Amino acid sequence: MSGIYFLIDTILPFEWTEFAYMKNALLAVLLITPLFGLVGTMIVNNKMSFFSDALGHSALTGIAIGVLMGIDNYLISMMGFALLFALCISAVMDSGTSSADTIIGVFSSTGLALGIVLLSASGGFAKYSGYLIGDILTVQPAEIAMLAVILAAVVVIWYLFFNKLMLTSINADLAASKGINTRLTEKLFVVIVAVIVTVSIKWVGVLIINSLLVLPAAAARNLAKSMRSYHFIAVGISLFSGVSGLVASYYTGTAAGGTIVLIAAVIFFFSYFLNRMRAKA
Amino acid sequence: MDTCKCSTQIRNLTVKKHDGVIIHDVSLDVHHGEILALIGRNGAGKTTLLKALLGRIPYTGSIVFHNSRGESIANPRIGYVPQNLVFDRSTPVTVGDMLCANMSGFPVWLGHKKEKLAQARRLLSTVGANPSLLGKRIGSLSGGEMQRVLLAFALDPKPDLLLLDEPVSAVDRKGIEVFYDLVTSMRAEHQMPIILVSHDLSHVEKYATRAALLDRTILVSGNVREVMKTPEVQEAFGLKLTGGVKQ
């Protein structure tokens, strides 16, 4: 870790990198934002932004379950619950009884309400309200290592399964005709989303985690001409808003997560108008 | 000498949905090197039958596939050209992305391998599409262009069975002929078994070798010309003036 710190000091000899917590935050941002940019592309393509939002909300119930069970590391209970939650939503959607947005809306509210009720019952909600907005400055070196492992794993999965995922997202019948197990592909994607949302919620926060997933990809979609440019632009926007948001939040004394999302939002509107102008020209 | 040229044997196929029977006790053989036209009124279950063949819906009964050497295949490659592909037209997927994702394991988000692009270009020219379509987003294609891209997509890797669901609904007249000529040559060159779902009886008569009339079950099947003359087909398509006597 000290080697990496030294590297940061050498490359970025600024006031904001003097503090260890800022160095940690920078490393975490450098790992989380490409991860979100990458996975966000298919969340937007699959019209699942509401779904990932619901997963974020379910994290609150996951924390509550962890508190009730007396687990110190809420990550385990959060991830367990989010996976269960995600697969339940996906199973109810497969049954085709109600429209997708209704089903997700029901689950999303339930996840949030259950979390609030359980947490307030077990000794006051205020203690856990930090999870709502998150704090990237509290990230620890061990957690950074975990983020690096998750990023590496997702990149490998993205390398191996992306084509199947993309064909399934174009049209499931067409993908199935090529022998792709579309159910399994969809479930795998849902699991990836559940994992990355829950591991990052502590630092990004329940309220804005979804913006970070959706905004870079949504902006990239306005500009991209192919799948490759879509991915590279999404990851680029995500990285840029992450690092610049972190630095800006240091100098303005604002919450890092919110600042990052605001920058990404500005980029989105910029890309939107650029796209409109290009369409007219 | 191999006498059976069966490609697909459908036996007692029944599909139920929400307590209603959509298709019932369908038995049908498709042979190598034949174009079987599946005809019937709207809602007769034609698309349902195709979805069952694709394994997209639960059914009872059996579907067995054979290759051209008569060996049974557990996981057949099916080329499927849907009637009207429902997809998000604003997606940044290009024709090249779509074709390369199908032909290669190399993830298209990192780009395309040169040889795969060349292969996709050849495939497009085989189906009479302009190779310059490769760089276009699939949402920006015209109906005819999309139809050909879907056919190109269906033809690689070479399918054990080709399913064409009303392939001409969005294509202009000249495009229709090119399309059918192409399908006919596929049959001739590769002995590819083809199931064609169509409303247009003139196309069926001109291009299909056999026909089957479906209305929840197979009412008649056999040689195209003979099937066309049967009273069932005449009635289903309103070719026969049914009695003018009011009760």
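**Entry 1: the pairing of β1 and β4 in chain B**

I began with strand β1 (residues 6-17) of chain B and found that five bridges join it to strand β4 (residues 60-66) of chain B. The two strands run antiparallel. To fix the register I looked up one pair, and Gln9(B) stands opposite Val64(B) in β4(B). I note here that the model is predicted.

**Entry 2: from β4 to β5**

I then followed β4(B) to its other partner in my notes, strand β5 (residues 72-73) of chain B, to which two bridges join it. This pairing, too, is antiparallel. For the register I recorded that Phe65(B) stands opposite Ile73(B). β4(B) and β5(B) form a hairpin with five residues between the strands. Which residue in this hairpin takes a positive phi? I found Gly70(B), with a value near 85°.

**Entry 3: strand β7 and its two neighbours**

I turned to strand β7 (residues 161-165) of chain B and asked how many of its five residues are buried. The count is five of five, and the strand is described as mostly covered. I separated the two faces: Leu161(B), Leu163(B) and Asp165(B) lie on one side, with Leu162(B) and Leu164(B) on the other. Both faces are covered, and the charged residue Asp165(B) is among the buried ones.

I next looked up the strands that pair with β7(B). Four bridges join β6(B) to β7(B), and these strands run parallel. Within that pairing, Val81(B) has Leu164(B) as its bridge partner. Four bridges also join β7(B) to strand β8 (residues 194-197) of chain B, again in parallel. Here the bridge partner of Asp165(B) is Val197(B). Asp165(B) is thus recorded both as buried and as paired with β8(B).

**Entry 4: helix α1 of chain B**

I checked the cover of helix α1 (residues 46-53) of chain B, where seven of the eight residues are buried. I listed the buried ones as Lys46(B), Thr48(B), Leu49(B), Leu50(B), Lys51(B), Ala52(B) and Leu53(B). I noted that two lysines, Lys46(B) and Lys51(B), are in this list. Just after the helix, Gly55(B) takes a positive phi of about 75°.

**Entry 5: chain B as a whole**

I counted eight helices and 10 strands in chain B. The radius of gyration is 19 Å, close to the 18 Å that the globule rule gives for 247 residues, so chain B is as compact as a globular protein of that length. I also recorded the span of the C-alpha trace along its principal axes, about 70 × 45 × 40 Å. Buried residues make up 41% of the chain. Of the contacts with a separation of 6 or more, 64% are between residues 24 or more positions apart.

The domain assignment divides chain B into domain 1 (1-77 + 166-240) and domain 2 (86-157). I looked up the separation of their centres, taken over C-alpha atoms, and it is 26 Å.

**Entry 6: the side of chain B that touches chain A**

I found 26 residues of chain B in contact with 23 residues of chain A. β6 (78-81) and α2 (95-103) of chain B each supply at least two residues of this side of chain B. Which element gives the largest share? α2(B) does, with four residues. By residue class, I recorded 15 nonpolar, eight polar and three charged residues on this side of chain B.

**Entry 7: Ile89 in chain A**

I looked up one residue of chain A, Ile89(A), which lies in helix α4 (residues 74-94) of that chain. Is Ile89(A) buried or exposed? It has 22 C-beta neighbours inside 10 Å and therefore counts as buried, the cut-off being 20 or more. Leaving aside neighbours within four places in sequence, I listed its contacts as Phe51(A), Ala54(A), Ile103(A), Ile104(A) and Phe107(A). I also noted Ala100(A), 11 residues away along the chain, whose C-alpha atom is separated from that of Ile89(A) by 8.9 Å.

**Entry 8: confidence**

I closed with the predictor's own scores. The mean pLDDT of chain B is 86, and 92% of its residues reach 70 or more. Where in chain B is confidence lowest, and where is it highest? It is lowest in helix α5 (residues 173-190) of chain B, at a mean of 79, and highest in α2(B), at 95. α2(B) is also the element with the largest share of the side that touches chain A. For the complex, the predictor gives an ipTM of 0.88 and a pTM of 0.90.

Conventions. Residues are numbered from 1 along each chain as its sequence is written. Chains are lettered from A and ligands numbered from 1 in the order in which they are written. This is a predicted model: local features need pLDDT of at least 70, side-chain atom pairs count only at pLDDT 80 or more; totals for chains, interfaces and linings use all residues. Two residues are in contact if their C-beta atoms, placed from the backbone, lie within 7 Å. The radius of gyration is taken over C-alpha atoms; the globule rule is 2.2 Å times the number of residues to the power 0.38. A residue is buried if 20 or more other C-beta atoms lie within 10 Å of its own, exposed if 12 or fewer, and partly exposed in between; C-beta atoms are placed from the backbone. Domain bounds come from an automatic or database domain assignment. Two strands pair if DSSP finds at least two bridges between them. pLDDT is the predictor's confidence in each residue, from 0 to 100.
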